[in-house]
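Colleague: I have just opened this model and would like to learn how to read it. Could you walk me through it with me asking as we go?

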Amino acid sequence: PRKEELISHLKAGKNYLRNQDPAKAFEEFKASLEIAQQLKDPIEEKKAARGLGASLQRQGKYREAIKYHSMVLATSERVGEDSGNTEAYGAIADCYTELGDLERAGEFYDKYIARLEKD
Amino acid sequence: PRKEELISHLKAGKNYLRNQDPAKAFEEFKASLEIAQQLKDPIEEKKAARGLGASLQRQGKYREAIKYHSMVLATSERVGEDSGNTEAYGAIADCYTELGDLERAGEFYDKYIARLEKD
Amino acid sequence: LETVPTIKNLRAFVEGIRVAELEKCFSRMGDDIPAKTKKAVENLSRGIMNKVLHGPMQHLRCDGSDCRTLSETLENMHAINRMFDLET
Amino acid sequence: LETVPTIKNLRAFVEGIRVAELEKCFSRMGDDIPAKTKKAVENLSRGIMNKVLHGPMQHLRCDGSDCRTLSETLENMHAINRMFDLET
């Protein structure tokens, strides 16, 4: 039941993103992140964090977006399961590019590129 | 029942292609082409013709392969339904490239490229 | 015309990726995949491949009227050969 | 470093194609797509995209030791910008 609630927030968030409403998407992903943390469900936690990052990017809030994308990496590290890391490296690099920090962007793109051939 | 036979020949042909046995694949596609023609089923006829073309290409028989890939185009023309044409244009062009006829290959690649953005 | 073999090689390269990923996908989906699903997934893989290839393929051809220069087309060819490691 | 924005733009371009084709695919598959199927199809779309991008992306970076020359990297960048129409 809690898990279902979590899933439905994630779905709603994705829909808002698709319909160009990143502010509402942010709220949905925020709610799903809280539930995922309570349930100690790292996979869903990463999905929520990725959604939060994407929502902030769409609003031009690149610094905050980096925080959430980095949370994906930290969660992967913690649980020893790296799904979502390729996308997170790419997204963080995109944010640094937008902020004009091409040096940092390049470092994250290198990590992203190194993972492209894996599954 | 005849249709099921047809489908199972197509499947077997694909498997032989995957397992690098184009000669056996050719026999299977040949059998499916005959049934498709008897059943007057243009969609399956095109799949069989495409398989025959691919089997011949793998054996280096590019001239014969062109005949079967062209059959896909002719069938499309006849029934007014153009599924498989993009792939057929590309495959014919590949064959002409192998035969060293780059002029002709270019013409078919142009038709192929013109269709890439469509569905 | 020098670019024609590159078109063939690029097509073959991307088709190889497409087929490999498609088989991986079907094996993950288990047995008894509905025909409709199978067809939709095949179309997806072709759709991505064709739309990604469209730009590069166009820029490897140079015969029409509103066309880029020959030297630019050759530069595109060299870059593609390098980037996709297509040297024959 | 000049090539960094091109990496971002190329990523965004291909991601746009991927998402559009994925939605088309799901809508063709109808309602009630099993979760396993959905995941396999998402992985397929990412797999194709990542493997196709790998070569070009590598050839847009030039910092390591065994690396292509700067001028070659810039040529790659110009070709990609042209071919995918990425000018910002």
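Colleague: Let's begin with confidence. What is the mean pLDDT of chain C?

Modeller: This is a predicted model, and pLDDT is the predictor's confidence in each residue. For chain C the mean is 87, with 92% of its residues at 70 or more. Within that chain, helix H1 (residues 4–29) has the highest confidence at 93, while helix H3 (residues 70–83) has the lowest, at a mean of 89. For the model as a whole, the scores are ipTM 0.87 and pTM 0.89.

Colleague: Thanks! Now the chains. Which chains share the most contacts?

Modeller: Chains C and D do, out of 5 pairs of chains in contact. Chains A and B, on the other hand, do not touch, and their nearest C-alpha atoms lie 22 Å apart.

Colleague: Then let's stay with C and D. How do I read the size of an interface?

Modeller: It is often given as the accessible area lost when the parts come together. Here chain D and chain C bury about 3,100 Å² between them, and carbon and sulfur atoms give 72% of that. Three residues, D:Leu44, D:Arg82 and D:Met83, supply 23% of the area chain D buries against chain C, more than any other three. You can also count residues: 32 of chain D are in contact with 32 of chain C.

Colleague: And charges? How many salt bridges are there between chain D and chain C?

Modeller: The count is 6 salt bridges. For one to look up, try C:Glu21 and D:Lys51, whose side chains meet in a salt bridge at 2.9 Å, N to O. Between these chains there are also 6 residue pairs in polar contact, both residues at pLDDT 80 or more.

Colleague: Which elements of chain D give two or more residues to the side that touches chain C?

Modeller: They are helices H1 (4–29), H2 (35–58) and H3 (70–83) of chain D. H2(D) gives the most, with 13 residues. Sorted by class, this side of chain D has 15 nonpolar, 8 polar and 9 charged residues.

Colleague: One last thing: symmetry. What rotation superposes chain D on chain C?

Modeller: A rotation of 180° does it, with 0.0 Å of shift along its axis and an RMSD of 0.0 Å. That is the relation of a two-fold axis. The same surface serves both copies, as 100% of the contact residues of chain D recur in chain C.

Technical notes: Residues numbered from 1 in each chain as written. Chains lettered and ligands numbered in written order. Heavy atoms only, no water. Contact = heavy atoms within 4.5 Å. Buried area = accessible area lost by both parts, 1.4 Å probe. Salt bridge = Lys/Arg side-chain N within 4 Å of Asp/Glu carboxyl O. Polar contact = N/O pair within 3.5 Å; in protein donor to acceptor, adjacent residues only side chain to side chain. Helix = DSSP H or I, 4+ residues; strand = E, 2+ residues; numbered from the N terminus. Nonpolar A, V, L, I, M, F, W, Y, C, P; charged D, E, K, R; others polar. pLDDT = per-residue confidence, 0-100. Least-squares fit on C-alpha atoms with pLDDT ≥ 70 in both.
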